[in-house]
Amino acid sequence: MLSLQQATIENCSVINKLASQIWEPTYGSILSKEQLDYMFEMMYAPDNIRKQMEEQGHTYLILYADDVPSGYISIEQVEKDLFILQKIYLLPSKQGKGWGRFMVEQGFRYIKNLHPEPCKVMLYVNRENKALGFYKALGLQIKDTRDYPIGHGFYMNDYIMEKDL
């Protein structure tokens, strides 16, 4: 049975552990080892996850499959009618089973419960990410590109995808 539960500060280590199993298989063929390591520390060190939750307004939702953590999504409200799906990750062994769709659709439901009025959802997707078709199938559309500097000479080279909710 699948469920999506809102994470608390006590779940930072769970998110870190999931990320450590997902990060390299997802980006290992796209990014250099140096950039992978830099970005992982920047985004997934437990203290940085805590900071995202406490100071930056990120809400993490953890996907559980029969009570086993299997993925997560992070949502940030950046304007009254604008939300960003900051992170959407599922263990590689669980992909292709409809679990990712469940997770994203439940994320959309979370946003609509929080903000019933019409709003927009954005997602930044690496231009080489193999999940691009998955996001398109969920109704997200490419609106633009960005090359966003993240420090140490590294960039996130993304599509900016959007969907109206």
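Which residues do ring pairs link into a cluster? They are Trp23, Tyr27, Phe40, Tyr44, Tyr60, Tyr72 and Tyr89. Keep in mind that this is a predicted model.

## The sheet

Let's start with the framework. An open sheet is built from 7 strands, in the order 1-2-3-4-5-7-6, and the pairing is mixed. The edges are taken by strand 1 (2–6) and strand 6 (141–151); each has a single partner strand, so one side of each is left without a neighbour in the sheet. On average, neighbouring strands here are turned by 30° against each other, direction ignored.

At the strand 6 edge, the partner is strand 7 (residues 154–164), running antiparallel and joined to strand 6 by 9 bridges. One spot to look at is Asp147, which stands opposite Asn157 in strand 7.

## Strand 2, walled in

Now for strand 2 (58–65). 8 of its 8 residues are buried, so strand 2 is largely enclosed by the rest of the structure. His58, Tyr60, Ile62 and Tyr64 point one way, while Thr59, Leu61, Leu63 and Ala65 point the other way.

Strand 2 pairs with strand 1 through 5 bridges, antiparallel, and with strand 3 (residues 68–79) through 8 bridges, again in the antiparallel sense. Tyr64 shows both pairings: Ser3 stands opposite Tyr64, and in strand 3 the bridge partner of Tyr64 is Pro69. The hairpin of strand 2 and strand 3 has 2 residues between the strands, and Asp66 takes a positive phi near 50° there.

## Helix 3 on the sheet

Helix 3 (residues 46–54) packs on the sheet, where it touches strand 2 and strand 4 (82–90). The direction of helix 3 makes about 120° with that of strand 2.

Which residues of helix 3 are buried? Ile49, Gln52 and Met53 are. These three cover an arc of only 95° around the axis, which puts them on the same side of helix 3. That fits a general rule: an α-helix has 3.6 residues a turn, so residues three or four places apart point the same way. The cover over the buried residues of helix 3 includes helix 1, helix 2 (33–44), strand 2 and strand 4. Flip to the face turned away from the buried side and you'll find the exposed residues Asp47 and Glu54.

## Aromatic rings

Back to the rings. Searching the whole structure turns up 11 aromatic pairs. Take Trp23 and Tyr89: their ring centres are 6.0 Å apart and their planes sit at 65°, so this pair is edge-to-face. The two come from distant parts of the chain, with Trp23 in helix 1 (residues 12–27) and Tyr89 in strand 4, 66 residues apart. Trp23 and Tyr89 are both buried.

Tyr89 deserves a second look. Why does Tyr89 count as buried? Its relative accessible area is 11%, and the cut-off for buried is under 20%. Setting aside neighbours within four places in sequence, Tyr89 is in contact with Ile22, Trp23, Thr26, Tyr27, Tyr44, Gly71, Tyr72 and Met103. Phe102, 13 residues from Tyr89 in sequence, lies 12 Å from Tyr89 in space, C-alpha to C-alpha.

## An arginine over two rings

One last thing to find in the viewer is Arg146. Arg146 lies over the face of Tyr124, at 3.6 Å from the ring centre. Arg146 also lies over the face of Tyr148, at 4.6 Å from that ring centre.

Technical notes: Residues numbered from 1 in each chain as written. Predicted model: local features only at pLDDT ≥ 70, side-chain atom pairs only at ≥ 80, totals over all residues. Heavy atoms only, no water. Pairing = 2+ DSSP bridges. Helix = DSSP H or I, 4+ residues; strand = E, 2+ residues; numbered from the N terminus. Axes fitted to C-alpha atoms, helices over the stretch in contact; angles between N-to-C directions. Contact = heavy atoms within 4.5 Å. Phe/Tyr/Trp six-rings, centres within 6.5 Å; stacked < 30°, edge-to-face > 60°. Buried < 20%, exposed > 50% of the residue type's maximum accessible area, 1.4 Å probe, protein only. Lys NZ or Arg CZ within 6 Å of the ring centre and 35° of its normal. Arc of directions from axis to C-beta.
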